[in-house]
Structures are given as C-alpha cells and as structure tokens.
Amino acid sequence: MGPRDDLLSDALAEAEAARERGDRASAESACERVLTLTEGQGPIAADALICRARLRLAEDAAEDAAEEPLSRARALAPEAWAPWYWSGCAAAHRAELDTAEGHFDAALACVTEEDDAGVVARVLVQRAYARALLDKPGPALDDLRRAADLHDPLHDPLDEAARRTAAVLARGRYEEACRLVRRKEFEPALDALVECEPWWPEGALNGAIAELRLYAVWQLAARRAPGARDRARTHLADARARLPDDPRPQHCAARLEFAARAYEDSATLWYGALTRHPDDPTPRHALALCRERTGDAEGADRELTALLDTESGPRARLALAGLRMREGRWGAAGEVLEEGAESSESEVLAECRYRAGEPPGSGGGAWAVAGLVRDGRTDEALVALDGVDARPGGRGEQEAGLLLRVAALRELGGTRWAEAASLLAAARELAPGPARSDADALHAVVLAMGGRHDAAAALLTEAARRRPADRHLAHLRALVLLHALSAGDGSAAVREQCVAAWGTLLHDAGFWERRRTDAERRHRTGIAPAHVVTLRTDLHSHLEACLRPPEGDDSGLLLRRESEAARALAGLGGFGGFAVDASGGERLVCGPLRIVELGMAREFGAYVCALGGPPSRRLFSQLGFAQVEFMADRPREALAALGDLRCAACAAAGDGTREAVAVCAPGCDRFDEMNPGYAGLPAPEKHGALREDALALAVEAALAEGRAALTAAEPDPRTAHACWRTALRYGRALGRYQDTQLKVADVALGSVAALRRAGRFDAAVSVLEAAHAILGANERHRLVGPLAGVLTDRGIVAFNAAPGELDGPLDDLRRAVEFNPHLSRAQHTLCLLLRLHGTRQRQAGSVTGALRTLRALLGRLDAALALLPHDAELERLRDGVRSDVAGLAAAAPDPSAAPIAPDDLAGGS
C-alpha cells in the first residue's frame with residue numbers, strides 16, 4: 001500500500017469518525033477529499049458516497065437526498081453488498097418497501113454466510129422489517145429465523161426489537177393458521193404453522209402440525225390434484241417423525257403406497273405398524289392383502305387365518321373365503337364361511353356350495369334356483385323362485401337367469417311356447433340383461449307366443465322408448481298390443497298404448513314403403529302404391545273395430561286423433577327431438593300419445609314453437625278430439641267435445657268452470673302431458689294459447705253447424721239462429737266479436753243467395769230475419785238490401801200465385817219499402833197493388849173506402865218520388881191515381897167525409 005492509499009484510508013476513517021461524532025461539516029470535508037483524490041472512481045469512492053448518504057439520512061434531509069450518492073455508489077461497486085444494503089435502508093426510510101426488498105435481495109446476492117455471517121444476518125433482519133411492513137409475515141419470519149441461526153460471537157444478529165417483531169409475526173401466523181383450518185385450507189395452514197414453529201417452545205406444535213398433515217393428506221386424496229401423491233408422502237413422512245407412537249400416519253402411508261400399487265413398500269410399512277402394535281388387527285389384515293397382490297397367496301392365507309379368532313374374525317373370514325374363491329378352492333372357501341354365523345355370508349356360502357357342485361340349500365336364494373335349473377328341475381326352480389327376494393343383476397341372479405334362458409331355448413326346440421315363455425319371463429325377472437333391440441324383439445316374440453302379452457308389451461315399450469324410430473320394434477309392439485286386446489286385456493292403458501303404436505305406423509311412409517317392397521320381393525310381382533292406400537284404409541277400419549271398448553262407445557275417436565296428428569306431423573317433416581340411435585336418426589312420425597309415452601312433451605312443445613305454432617298443434621292436445629270431429633264434417637260433435645278440456649283433478653276442483661271453454665289451471669302438473677303441442681310455451685301463456693285455439697275452433701264449428709242447417713234439404717233457420725248465437729258468444733270470449741259478426745253475415749247472405757236462386761223465399765226471409773235479429777249495426781246494414789229484395793220477391797210471387805189475396809203481398813212489400821225505400825221495384829209493386837186494392841173496393845161498392853185508399857196512395861207516391869225523383873213509372877202511376885181520385889170524388893155521396901189517415905190500409909182488403 002502506497003502513501004496515496006494511506007492518505008485515502010485516513011481520510012475515509014476521518015469521515016466515518018466525524019459522522020459518528022455528529023460532525024457533519026468535517027465528515028463532508030473528508031468525504032470530498034476522498035472523492036477528489038479518487039476522482040470519483042473505485043470502491044473507496046463508493047464508501048465515501050455511502051458515508052455521505054448516511055449523513056443525509058441521519059439529518060432527515062429530503063426523502064430522496066440520499067438516493068443520488070447511493071446510486072453513484074451502486075454504479076461504482078455493483079458487486080459490493082454495502083451500496084445495496086444502504087440503498088435498501090434509504091428506500092425503507094422513504095416507505096418504498098418493494099424497492100427496499102429488491103435492494104436487500106441484491107445485497108444478499110453479493111455476500112454469503114461463509115464470507116461474512118454477520119453481514120448476512122444484518123441484511124436479513126432489515127429485509128424482514130420490510131417484508132413485515134409489506135404484509136409478508138411468512139417470508140419475514142423466515143428471514144428472522146435464518147438470521148437467528150447465524151451465530152456470530154462478535155455480533156448478536158437479533159436485537160430486542162427484532163425478537164419482538166418475530167414474536168408478533170409468529171403469533172399472527174399462528175392465528176392465520178387457525179383461520180385457514182376453519183376454512184379447511186389445510187396445506188396453507190400447515191405452511192403458516194411451520195413458519196411460526198421456530199418461535200414456539202421446542203416440540204410444542206408437533207401434535208398440531210402432525211394432525212394438520214393427516215388432514216391435508218385426506219384432502220389431497222379427495223381432490224386428486226396433480227402431484228397430490230408426492231405431497232401426501234411428504235406430509236406423512238413428517239407426521240410419522242413427529243408422532244412415532246401414533247399408528248395413524250403409518251397406516252395412511254401404507255394405504256397410500258397400496259393405492260399407488262407399490263405393494264412391497266406398502267407391506268413394509270404395514271409390517272412396521274404390526275411390529276409396533278401386534279394386537280391391532282388392521283395391519284395384519286392389510287398385510288394379507290399386500291401379500292395376495294404380490295402373489296404370496298400362502299402368506300396371505302396365513303395372516304388371515306391368524307385373525308379368525310379375533311374381533312375382526314367375521315371380516316377376516318370373508319376375506320379368506322374370497323382369497324380361496326379367487327384360487328378356485330370353492331369347497332375350502334365354504335368351509336371357512338360355515339364356521340361363521342353372519343347372515344350376510346349366507347349368499348356367498350350358497351355360491352361356494354353351488355360352485356363346488358353341492359346343493360346350495362333352501363336358504364341359498366337365487367343360487368338355490370340356479371342349482372335346481374342346473375339339475376334339470378325347472379318346474380321346482382320356478383316354484384322356488386316365488387320365495388326368492390331377488391336382486392336383479394346380482395351374481396346368483398345372473399347365474400340363474402343364464403341357466404333359465406338356456407332352458408327356455410331347449411323348450412323352443414320342441415315348440416313348447418308356453419313353457420319357454422315362463423322360463424324366459426323368470427330369467428328376465430332375475431337378470432334383465434343388457435338393453436339390445438334384437439334380443440328384446442326375440443324375447444318379446446317368445447313371451448307373446450307363450451301367451452304373456454303383458455310382459456311382451458312391457459319389454460317392447462321399454463325398447464321402443466330407447467329406439468323410438470326403429471320401425472321393426474314399433475311394428476312388433478303394435479302387433480303384440482293388438483293381440484293383448486284380443487286376448488282379453490281391455491284396460492284403458494293397454495288400449496291407449498295400442499292406439500299410440502298403430503297411430504305411429506298408419507302414416508309412416510317409410511314403414512309402408514318397406515311393406516310394399518317386401519311384398520314385391522316375396523311375391524315376385526309389382527304392387528301399385530294405390531293398393532297400399534287401400535290396405536292402410538282397411539287397416540284403419542279394422543283397428544277401429546278392434547279398439548271399440550265393451551260398452552260400445554266410439555273409441556275410434558282416439559285412434560282418429562292419433563292418426564290425424566301423425567299425418568299432420570308427417571306433413572311437417574317429422575319430429576327429431578329424441579336422441580339419435582342406431583336406426584339412422586330418422587325423424588319420428590306419431591301422435592300425442594306416443595310423444596307422452598316417450599316422455600318428450602316439453603321437447604315436442606319446443607319443436608312446435610320453433611315452427612311458429614302451426615294450426616296442427618291442436619291435434620296434439622285435448623283439442624284434437626274436437627278437431628278430428630270438425631275435420632270429419634261433424635261440427636255438432638266437435639262443439640260437444642269442446643265442453644271441457646280439463647284433467648280430472650282440475651275438473652273436480654272446479655278450476656276454469658266460469659270460462660267459455662274450461663282448461664286446466666296454470667299450476668296443473670298434467671297440462672303438458674295432456675297437451676304436448678302447447679308444452680313449449682311458458683306456464684301462463686300456454687294455457688291461454690290452448691283456450692284461444694279452443695274458442696277459435698268453437699267459433700268455426702258453430703258457424704259450420706249453422707251453415708249445415710241452412711244447406712240441408714229442409715233449411716232450418718231456427719237452428720242456424722241458435723248456432724250463430726253460440727258462435728257470437730265464443731267470438732266475444734275470444735275478443736273477435738266483430739269478426740264473428742262478419743262471418744255470420746257472410747254465411748247468411750251466402751245461403752240467402754242460394755235460396756233465392758232456388759225460389760225458396762220463405763226460408764230466405766227467415767234466414768235474413770234471424771241474422772238481422774242478432775247482428776249489430778256494423779253488419780246489420782248489409783242485410784237490409786237483401787231482405788228488402790227477398791220480401792219484394794216473395795210478395796210478387798205470392799200475388800202471382802193467388803191474385804185474389806192481397807194481404808200477404810202487401811205486408812211483404814210494405815216491409816220491403818220500410819227496409820229499403822230506395823228500392824224502386826218494391827215501390828212500384830206496392831203502389832200498383834194498392835191501386836188495385838182501391839179499384840176492388842170501388843167495385844165492391846165502397847166508394848168512400850176506395851177514396852181513402854187512393855188518397856193514401858197519392859201520399860205514398862209523393863214520398864216515393866221524393867226519394868226517387870224523375871221515376872217515370874211512378875209519375876205515370878201518380879197521374880192515374882189522381883184521375884181515379886177525381887172521378888171517385890165526383891161520385892162520392894158525401895164530399896165532407898172524414899180525413900183519410902196514412903195507415904188506413906193497415907187493416908187489409
């Protein structure tokens with residue numbers, strides 16, 4: 001070291017001494033000399049800059065006053081710890097805690113514990129303060145623990161303040177661990193507890209940490225997260241070390257290895273547990289399982305045999321029997337089970353006896369049945385089956401079911417259908433078998449041929465529900481149900497199922513095309529599609545006859561609704577809302593009963609809504625019965641079918657009775673089932689939609705019935721009048737009163753036109769009078785002209801038929817003129833007949849009466865000409881009447897006769 005270096009060292013020492021004395025001026029002067037001599041370069045210059053920064057920190061200068069010399073120091077000595085350390089202190093002084101933590105990290109990177117343990121401890125303590133303020137209690141405690149572990153004989157790294165800080169942080173971490181435990185966050189709680197453990201008395205937290213590790217293992221096993229097994233091993237190793245006398249960590253570790261298929265490791269752990277606790281049966285039982293998995297069957301047998309006389313004997317006995325059964329030693333397994341008295345072992349014992357070729361015994365359940373069938377005693381087996389509490393799918397049931405199926409096949413070889421059906425039914429009761437349409441169809445045929453139509457139908461119904469578009473299943477099911485009806489099962493449920501099945505087939509174009517091509521191939525000749533139509537029609541008639549219930553009601557209505565609904569659905573392209581199956585995903589053509597059978601009322605309702613709610617949805621509801629009657633031109637029957645659309649429960653409760661059309665209440669559970677066409681709408685809306693469609697159909701039916709009454713061979717205006725009243729009542733409830741009036745007027749005018757052409761004027765007048773009486777002013781004016789014309793026609797025809805009778809024609813013509821005074825034909829004819837009436841009075845010798853009639857006629861002619869000016873015929877008639885009056889007046893005996901009233905002619909001729 002040269003004189004210059006000595007000078008620099010002395011100046012730096014002087015600066016540090018002045019700083020410690022609080023002599024800022026001397027310290028600054030000394031630092032400046034160092035910087036001048038070093039030209040601001042090198043480690044000594046960095047130390048001088050640190051000294052200057054510490055002076056500024058001690059004086060509480062501006063917060064960033066120390067940053068300038070410290071940043072220069074870091075640049076001059078980037079690999080020295082001191083610039084980073086004091087930069088961290090300065091940043092902490094400025095409350096820039098993240099920056100401070102980063103500077104302390106850099107300082108620790110520049111020095112190791114081997115280089116200077118005291119420096120490392122010093123930096124760790126300061127970083128712990130920063131981390132504590134940053135709410136990082138765990139890392140802060142870790143720093144303080146590391147600092148405390150650095151034993152420096154010249155410097156105690158933790159002063160009193162640091163130890164108080166550590167105690168506060170440790171208490172906080174402990175409380176945080178307790179909160180995390182309450183939230184069942186066991187692994188984070190473990191981390192917190194382990195961090196505060198060094199600040200607790202030694203071993204005080206061992207039990208708590210070990211328990212938490214067991215809980216953490218349980219949680220990892222439940223969640224099965226990635227890496228969970230390795231973490232569980234770590235937890236269990238620590239728990240075993242902390243609680244060497246507690247068997248639970250050892251047991252958990254053994255089970256963990258067993259689950260990982262590390263059977264040797266698991267056996268080692270179980271053996272260790274057994275060594276420590278030889279009276280505990282759990283390790284021995286588990287050790288037997290490990291030996292069995294490693295192929296040591298003899299060792300497993302030995303361990304389980306040792307447990308037979310302990311409290312775990314029943315469990316060990318079953319395990320030992322299972323071990324021997326796995327080896328095929330059924331007799332030896334049975335011997336073990338016979339020593340026990342557990343009722344739960346009786347079924348296993350029965351199987352052992354059966355497999356060993358021995359009789360299972362009367363208490364053997366399904367195994368006893370299997371033994372009887374195996375011995376060829378099928379009749380006894382069927383009798384024994386009645387006393388068996390079967391568990392479909394059980395081992396004994398599967399064995400007995402298989403043997404019964406084999407026996408059924410043997411009976412089929414001799415065409416003994418009844419016997420085969422009985423055996424097959426028993427087999428399916430014990431073991432239904434997998435759902436396969438081909439097997440289900442075969443079994444159904446056997447059951448049906450053996451007279452078990454109900455079982456066959458139930459089997460096919462379930463199969464058809466899984467494969468709704470399978471035509472083969474649908475046809476077979478329809479046939480079986482029809483035969484069930486023919487065999488005497490006429491219940492309403494079977495009848496509805498039969499209707500649903502045949503309704504699906506009647507309008508399935510694919511089904512009928514398949515029938516046609518099959519027939520062509522079988523008979524080797526072409527078959528025209530028209531023959532298929534004839535066949536379908538004949539089948540429909542045959543089905544209606546077969547489906548008629550014993551009481552003789554017209555049950556064909558149910559079939560017609562199902563058939564027409566299927567026809568409408570075919571026109572819409574079919575329904576494809578069910579799961580696509582192996583039949584190719586074809587769309588289903590069916591009626592409402594089939595939709596409900598499939599449990600897809602709401603899906604179908606959504607499909608109908610997606611189509612915009614077509615009118616055909618009526619057929620898929622209780623409205624369908626009225627709709628098919630209406631389509632069959634039976635409007636009266638359609639109106640009768642609309643009387644009540646409620647389910648039995650709503651009808652009994654009286655819901656909707658005051659409505660024009662009664663539908664189920666909005667909360668009805670059966671609404672969707674009874675009206676799948678409306679099931680896709682929200683709850684209040686779908687009830688309203690059904691009611692509106694019902695009212696609209698009622699209006700249409702009432703109008704159609706009225707039209708039928710008028711177009712009959714003998715028109716019946718009175719019936720038409722009643723029908724129109726009904727239509728208007730429903731129209732008002734629907735909110736379409738004006739529109740209904742328009743339709744009534746159209747019907748009336750249309751029928752009147754036909755009646756006038758046929759010369760049936762009495763009927764025409766009656767029709768118009770009936771319509772005129774019930775229609776409002778908006779539509780009544782349309783009837784006035786036609787009514788006046790028909791009255792005029794009738795009056796003229798009546799006069800021509802009986803010229804001597806004037807009363808009837810005059811009444812008609814007067815009414816015609818009242819209805820339509822602008823009708824010139826009525827005016828002309830009425831005036832002519834009144835003049836004729838006056839002439840006949842004069843001829844009869846009543847000059848006074850004739851004068852009165854003619855003078856009244858002059859008044860009528862003046863009124864008519866006011867309405868019909870320049871009518872030449874009326875003017876000529878008036879001139880003639882005036883002449884008649886003048887002639888009669890001259891011949892009258894009493895010119896001062898009483899004045900003539902306008903209504904003097906009302907009394908007739």
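The legends below describe views of a predicted model of one protein chain.

**Figure 1. Overall fold of the protein chain.** The protein chain contains 45 helices and zero strands. Its C-alpha trace spans about 180 × 105 × 55 Å along the principal axes. The radius of gyration is 55 Å, whereas a compact globule of 909 residues would have one near 29 Å.

**Figure 2. Burial and contacts in the protein chain.** Of the 909 residues, 46% are buried. Among contacts with a separation of 6 or more, 55% are between residues 24 or more positions apart.

**Figure 3. Surface and charges of the protein chain.** The accessible surface amounts to about 44500 Å², and carbon and sulfur atoms hold 51% of that surface. The chain carries 112 positive and 136 negative charges, and the mean positions of the two sets lie 8 Å apart.

**Figure 4. Aromatic pair F604 and Y607 in helix α32.** The whole structure has 11 aromatic pairs. One of them joins F604 and Y607, with ring centres 5.9 Å apart and 45° between the planes, and this pair is tilted. Both residues belong to helix α32, which covers residues 601–610. F604 and Y607 are three residues apart, about one turn of the helix. Y607 has a relative accessibility of 14% and counts as buried because the limit for a buried residue is under 20%.

**Figure 5. Aromatic pair F604 and F620, between helix α32 and a loop.** Is F604 buried or exposed? F604 is buried, at a relative accessible area of 1%. The ring of F604 also pairs with that of F620: the centres are 4.6 Å apart and the planes meet at 40°, so this pair is tilted. Tilted is the class for plane angles that are neither under 30 degrees, which would be stacked, nor over 60, which would be edge-to-face. The pair links distant parts of the chain, with F604 in helix α32 and F620 in the loop between α32 and α33. Helix α33 covers residues 623–631, and the two paired residues are 16 residues apart. F620 has a relative accessibility of 3% and counts as buried.

**Figure 6. Aromatic cluster of W81, Y85, W86 and F104.** Which residues make up this aromatic cluster? W81, Y85, W86 and F104 form one cluster.

Definitions and conventions
Residues numbered from 1 in each chain as written. Predicted model: local features only at pLDDT ≥ 70, side-chain atom pairs only at ≥ 80, totals over all residues. Heavy atoms only, no water. Helix = DSSP H or I, 4+ residues; strand = E, 2+ residues; numbered from the N terminus. Rg over C-alpha atoms; globule rule 2.2 N^0.38 Å. Buried < 20%, exposed > 50% of the residue type's maximum accessible area, 1.4 Å probe, protein only. Contact = heavy atoms within 4.5 Å. Areas by Shrake-Rupley, 256 points an atom, 1.4 Å probe, with all protein chains shown as cover. Lys, Arg positive; Asp, Glu negative; His and termini not counted. Charge placed at Lys NZ, Arg CZ, Asp CG, Glu CD. Phe/Tyr/Trp six-rings, centres within 6.5 Å; stacked < 30°, edge-to-face > 60°.
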